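Student: Please bring up the model, and let us work through its fold together.

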Amino acid sequence: MTVGTGDRKHVEAYVLTHVEGSRDEALAELEGRARRFTPEHPRNPKRRRLFRDGDGFVLVIDGSWQSYSARFTVAELLEDSAAPTPRREPEPQPQPEPQSEPADAVLPRTPPLPSVPPARYADGVPVKPAWLGRSDLP
């Protein structure tokens, strides 16, 4: 896509989306995106033309003084150095049957924490975050 204005006008490339399916499905998605695309420049377009070009589209927008273009191309991804590794779903493990506690079993009981209001700054923000020092968090 053409970005910038005047002497600073240049072309930049972006990946819009990934489509899983046939090439025709990808072209249909791309055509919809090309038709809806609204670039930053020109701010007041005078004419808008969308062309089909092989496996893609070329959008030419004429402004008051200059023309801007955007090329939309279907391409097959062959390699991605930053692609996330696919996560395998863990296989379900058999759940052990719950065992009931004997009636005479005594479970240890933790005493309740004293309800002392936390220290706060003048604006009401606690001095120590509530999560700091909790052992039940990862």
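**Sheet, helix and core**

Student: In what order do the strands of the open sheet stand?

Tutor: This is a predicted model. Three strands make up an open sheet, and their pairing is antiparallel. The order is β3-β4-β5.

Student: Which strands stand at the edges of this sheet?

Tutor: Look for a strand with a single partner. Such a strand has one side without a neighbour in the sheet, so it is an edge. The edge strands are β3 (47-52) and β5 (67-73).

Student: By how much are neighbouring strands of this sheet turned against each other on average?

Tutor: Direction is ignored here. Averaged over the neighbouring strands of the sheet, the turn is 15°.

Student: How many bridges join β3 to β4?

Tutor: The two strands run antiparallel, with β4 covering residues 56-62. Arg47 stands opposite Asp62 in β4, and Leu50 stands opposite Leu59 in β4. The number of bridges joining β3 to β4 is six.

Student: Which residue takes a positive phi in the hairpin of β3 and β4?

Tutor: Three residues lie between the strands of that hairpin. The phi in question is near 60°. The residue is Gly54.

Student: On the other side, how many bridges pair β4 and β5?

Tutor: A hairpin of four residues joins β4 to β5. Phe57 stands opposite Phe72 in β5. The pairing is antiparallel, and the bridge count is seven.

Student: Is β4 mostly covered or mostly open?

Tutor: Take its two directions in turn. Gly56, Val58, Val60 and Asp62 point one way, Phe57, Leu59 and Ile61 point the other way, and all are buried. That is seven of seven residues in β4, mostly covered.

Student: At what angle to β4 does helix α1 run?

Tutor: The helix spans residues 23-36. It lies across β3, β4 and β5. Its angle to β4 is about 5°.

Student: Where does that helix fall in the pattern along the sequence?

Tutor: The protein has one helix and five strands. Two strands precede the helix and three follow it, in the pattern β-β-α-β-β-β.

Student: Which element gives the most to the largest nonpolar core?

Tutor: That core holds eleven residues: Ala26, Leu27, Leu30, Ala34, Phe37, Phe57, Leu59, Ile61, Ala70, Phe72 and Val74. Two or more residues come from each of α1, β4 and β5. With four residues, the top contributor is α1.

Student: Why might such side chains gather?

Tutor: In soluble globular proteins, nonpolar side chains tend to be buried together. One member of this core, Phe72, has a relative accessible area of 4%. The cut-off for buried is under 20%, so Phe72 is buried.

Student: What kind of aromatic pair do Phe37 and Phe72 form?

Tutor: A search of the whole structure finds one aromatic pair. Phe37 and Phe72 are 5.4 Å apart centre to centre, with 75° between the planes. Planes over 60 degrees apart count as edge-to-face, so the pair is edge-to-face.

Student: How many residues apart are Phe37 and Phe72?

Tutor: Phe37 is in the loop between α1 and β3, and Phe72 is in strand β5. The pair links distant parts of the chain, 35 residues apart.

Student: What percentage of the residues in the protein are buried?

Tutor: The protein has 138 residues. Its accessible surface is about 12900 Å², with 53% belonging to carbon and sulfur atoms. Buried residues make up 17%.

Terms used. Residues are numbered from 1 along each chain as its sequence is written. This is a predicted model: local features need pLDDT of at least 70, side-chain atom pairs count only at pLDDT 80 or more; totals for chains, interfaces and linings use all residues. Side-chain values use heavy atoms; hydrogens and water are left out. Two strands pair if DSSP finds at least two bridges between them. Axes are lines fitted to C-alpha atoms, for helices over the stretch in contact, and angles run from 0 to 180 degrees between N-to-C directions. Contact means heavy atoms within 4.5 Å. Buried means under 20% relative accessible area, exposed over 50%, partly exposed in between (1.4 Å probe, protein chains only). Accessible areas come from the Shrake-Rupley method with a 1.4 Å probe; for residues, only the protein chains shown count as cover. A nonpolar core is a set of buried Ala, Val, Leu, Ile, Met, Phe, Trp, Tyr and Cys residues joined through side-chain atoms within 4.5 Å. Rings of Phe, Tyr and Trp (its six-membered ring) pair if their centres lie within 6.5 Å; planes under 30 degrees apart count as stacked, over 60 as edge-to-face and the rest as tilted.
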